[in-house]
Amino acid sequence: MSADILSNQYDDVRPRQAIGPRQAIGLDVGGTKIAGAVITEHGDITDPLTVPTPTDSTSGVLHALLGLISQLRHRNPAVEALGVGAAGLVEWPRGYIRWAPNNSYRDLPLRELLAEETGLPVIVDNDANAATWAEARLGLGTTYDNIAFLTVGTGVGGGLLLDGQLYRGHSGLAAELGHLIVNPGGERCGCGNRGCLEAMASGTALERLGRAAVTAHPTSQLAQLAGGNPNNVTGHHILDATRSADPVARSLFDEIGYWLGVGIASLANIFELELVVIGGGLIETGDLLLRPATASLESFAFATTHRPVPSIRPGTFGSTAGVVGAAHLALTQSIHPIADQSALPGCSLTP
Ligand SMILES: [Zn+2]
């Protein structure tokens with residue numbers, strides 16, 4: 001359902017001209033930082049704030065979240081809901097965080113705690129789901145109902161919009177697109193498996209390939225930038241060498257783009273996707289990544305003469321997608337009835 005339908009319902013009871021668009025706080029909890037802002041129902045961002053993610057304890061993370069919320073509410077008293085996108089395994093609709101590999105929190109009933117502390121309607125979802133929602137309902141995907149979103153950074157995350165709704169699986173833990181196996185027996189993934197998309201097509205994979213390239217091509221520009229030492233190679237070295245048209249550095253993008261396209265082809269074959277949106281730090285390289293990914297998708301997609309191949313496009317919101325999507329989910333979740341309303345006491349936004 002679109003934001004227009006939401007605003008029409010809203011206009012039935014409150015005159016829009018007098019109070020402006022609806023607003024919610026969006027928070028994006030990552031392994032290193034917590035980003036927050038106030039988001040309108042149209043996806044406009046105001047009052048962005050960022051703090052480091054406390055790494056010592058769960059209570060430290062909660063304290064930081066409540067501090068951000070307090071600041072944002074004080075300056076923006078019209079906010080009417082709170083949405084959190086959190087890294088890790090997050091149950092939906094409970095907003096219960098089971099585990100996150102890069103955060104200190106474990107078994108945390110975050111939605112319930114934040115609702116008690118703030119009195120606001122709250123949703124807590126996986127960060128990639130929140131970002132998917134932003135790109136699908138406020139970004140490039142607003143005219144499509146079947147979209148895959150992949151965030152390609154240090155790791156690979158993702159989400160699926162199927163038939164116009166986020167696909168969450170049985171308890172909210174679905175769509176771990178980074179752990180789609182694209183190369184059985186390939187590189188070791190952080191999850192313990194081999195050949196996951198994350199192991200083959202992430203920033204981590206790029207640096208691994210960069211180290212091998214420095215050894216294999218000691219006179220390349222990449223090797224010079226790294227001082228001839230494979231262990232010195234960083235993503236910045238690879239990007240700098242690529243900008244200088246170093247063919248060795250460019251070939252690294254050909255390889256991770258290839259694997260990205262392999263994964264996207266499987267997703268497209270299964271779900272008949274209309275659009276694939278790419279976010280995350282590596283998308284800043286644009287066609288360096290997208291061109292080989294598109295070629296690989298077209299090579300592996302099923303029956304391309306009889307059904308279209310989805311286009312692969314960079315996202316609209318960049319690093320703010322999680323914040324925007326979390327807030328927009330908070331504003332719209334009562335419009336999209338969830339499986340277990342009893343799990344969300346006081347959470348209905350319906351007037
Ligand atoms: Zn994996």
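**Zinc site**

The zinc ion occupies a tetrahedral site, in which the four donor atoms subtend angles of 105 to 122°. Ideal angles at a metal with four tetrahedral donors are 109.5 degrees. The model is predicted, and the coordination described here is computed from its atoms.

The ligands of the zinc ion are one nitrogen, ND1 of His179, and the SG atoms of Cys189, Cys191 and Cys196, at 2.0 to 2.3 Å. Along the chain, these donors follow the spacing H-x9-C-x1-C-x4-C. Two of the cysteines can be set side by side in terms of exposure: Cys189 counts as buried because its relative accessible area is 5%, which is under 20%. Cys191, with a relative accessible area of 42%, is partly exposed because this value lies between 20% and 50%.

**Overall fold**

The protein chain contains twelve helices and 13 strands. Of its 351 residues, 53% are buried. Among contacts between residues at least 6 apart in sequence, 62% join residues at least 24 apart.

The accessible surface of the protein chain comes to about 15400 Å², and carbon and sulfur atoms account for 51% of this area.

**Confidence of the model**

The average pLDDT of the protein chain is 89, and 90% of the residues score at least 70. Residues 1–18 have a pLDDT under 50, and the model gives this stretch 23 contacts beyond four places in sequence. Residues 335–351 also have a pLDDT below 50, with 33 contacts in the model beyond near neighbours in sequence. Where pLDDT is low, the predicted coordinates should not be read in detail.

Key
Residues are numbered from 1 along each chain as its sequence is written. This is a predicted model: local features need pLDDT of at least 70, side-chain atom pairs count only at pLDDT 80 or more; totals for chains, interfaces and linings use all residues. Side-chain values use heavy atoms; hydrogens and water are left out. Helices (H or I, at least four residues) and strands (E, at least two) are DSSP runs, numbered from the N terminus. Buried means under 20% relative accessible area, exposed over 50%, partly exposed in between (1.4 Å probe, protein chains only). Contact means heavy atoms within 4.5 Å. Accessible areas come from the Shrake-Rupley method with a 1.4 Å probe; for residues, only the protein chains shown count as cover. Donors are N, O and S atoms within 2.8 Å of the metal (3.2 Å for Na, K and Ca); water is not among the atoms, so sites may look incomplete. Four donors count as tetrahedral if all angles lie between 85 and 135 degrees; four count as square planar and six as octahedral if opposite donors are over 155 degrees apart and all others between 65 and 115; anything else is irregular. pLDDT is the predictor's confidence in each residue, from 0 to 100.
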